[in-house]
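Trainee: Please pick a single part of this model and take a close look at it with me. I would like to start from the charged side chains and then see what lies around them.

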Amino acid sequence: MKINRPKHIDSMTDFEKKHTPSVEIIAGKVIVKVGSGITHPMNPEHLITNIELLVDGNIAAEKELDDEDEPAATFELDERTVETSKIMARATCNLHGTWESAIVG
């Protein structure tokens, strides 16, 4: 499976912003949103179908989405995992493939 990543994280194109998941960690909760300033569409023709949470490179959790969902997911991790692990996310667009976030932690 090919994984897409923005070419330059500090100067993403609108297309990259729309597809790259962002990861925020607040009190053990990992909040993943797809679309940075530009929300990804969620309609039957074009949508994010799933979001995966990766901990140290392994899939730790996944959320399936449909066209009525927001392109976002919240996962819970224990504090030790958050403090000691590399956390990232992947989001799959039905038209533009799988996109990966930058590593957090």
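**The charged network and its sheet**

Mentor: Arg90 and Glu52 are both buried (buried is under 20% relative accessible area, exposed is over 50%, and partly exposed is in between, with a 1.4 Å probe and protein chains only). Before we go further, keep in mind that this is a predicted model, where local features need pLDDT of at least 70 and side-chain atom pairs count only at pLDDT 80 or more, while totals for chains, interfaces and linings use all residues. Residues are numbered from 1 along each chain as its sequence is written, and side-chain values use heavy atoms, with hydrogens and water left out.

Let us take the pairs one at a time. Side chains of opposite charge can pair when their charged atoms come close. The rule applied here asks for a side-chain nitrogen of Lys or Arg within 4 Å of a carboxyl oxygen of Asp or Glu, and by it there are three salt bridges.

One of them joins Arg90 to Glu52, with 4.0 Å between the closest N and O atoms. Arg90 belongs to strand E7 and Glu52 to strand E4, so this pair ties together parts that are 38 residues apart in sequence. (Helices, H or I of at least four residues, and strands, E of at least two, are DSSP runs numbered from the N terminus.)

Arg90 also forms a salt bridge with Glu100, and here the closest N and O atoms are 2.7 Å apart. This pair links distant parts of the chain, since Arg90 is in strand E7 and Glu100 in strand E8, ten residues apart. Arg90 and Glu100 are both buried.

Glu100 has another partner in Arg5, and their side chains meet in a salt bridge of 2.8 Å, N to O. Again distant parts of the chain are linked: Arg5 sits in the loop between E1 and helix H1 (14-19), Glu100 sits in strand E8, and 95 residues separate them. What is the exposure of the two partners? Glu100 counts as buried because its relative accessibility is 5%, whereas Arg5 is partly exposed because its relative accessible area is 48%.

Put the pairs together and you have Arg5, Glu52, Arg90 and Glu100 linked in a network of salt bridges.

Now turn to the sheet behind these residues. Which strands form it, and in what order? Five strands make an open sheet, E1-E8-E7-E4-E5, with mixed pairing (two strands pair if DSSP finds at least two bridges between them). At its edges are strand E1 (3-4) and strand E5 (58-64), each pairing on one side only.

It is worth following that order from E1. E1 and strand E8 (residues 97-100) run parallel and are joined by two bridges, and Ile3 has Thr98 in E8 as its bridge partner. Thr98 turns up again from the E7 side, as the bridge partner of Thr92. Strand E7 (residues 87-93) pairs with E8 in the antiparallel sense over four bridges, and with three residues between them E7 and E8 form a hairpin. At the E5 end, strand E4 (residues 48-55) and E5 are antiparallel, with six bridges. In that pairing Leu54 stands opposite Ile59 in E5.

Glu52 deserves a second look. Why is Glu52 counted as buried? Glu52 is buried because its relative accessibility is 11%. Leaving out residues up to four places away in sequence, Glu52 touches Ile59, Ala61, Glu62, Met88, Ala89 and Arg90 (a contact means heavy atoms within 4.5 Å). The salt-bridge partner Arg90 is thus among the residues Glu52 touches.

Finally, look at the loop between E4 and E5, where Asp56 is found. Most residues other than glycine have a negative phi, and most peptide bonds are trans. Asp56 is not a glycine, yet its phi is positive, near 50°. Asp56 counts as partly exposed because its relative accessible area is 46%. Ala27 offers a parallel case: its phi is positive at about 50°, although Ala27 is not a glycine. Ala27 lies in the loop between strand E2 (21-26) and E3, and Ala27 is exposed because its relative accessible area is 70%.
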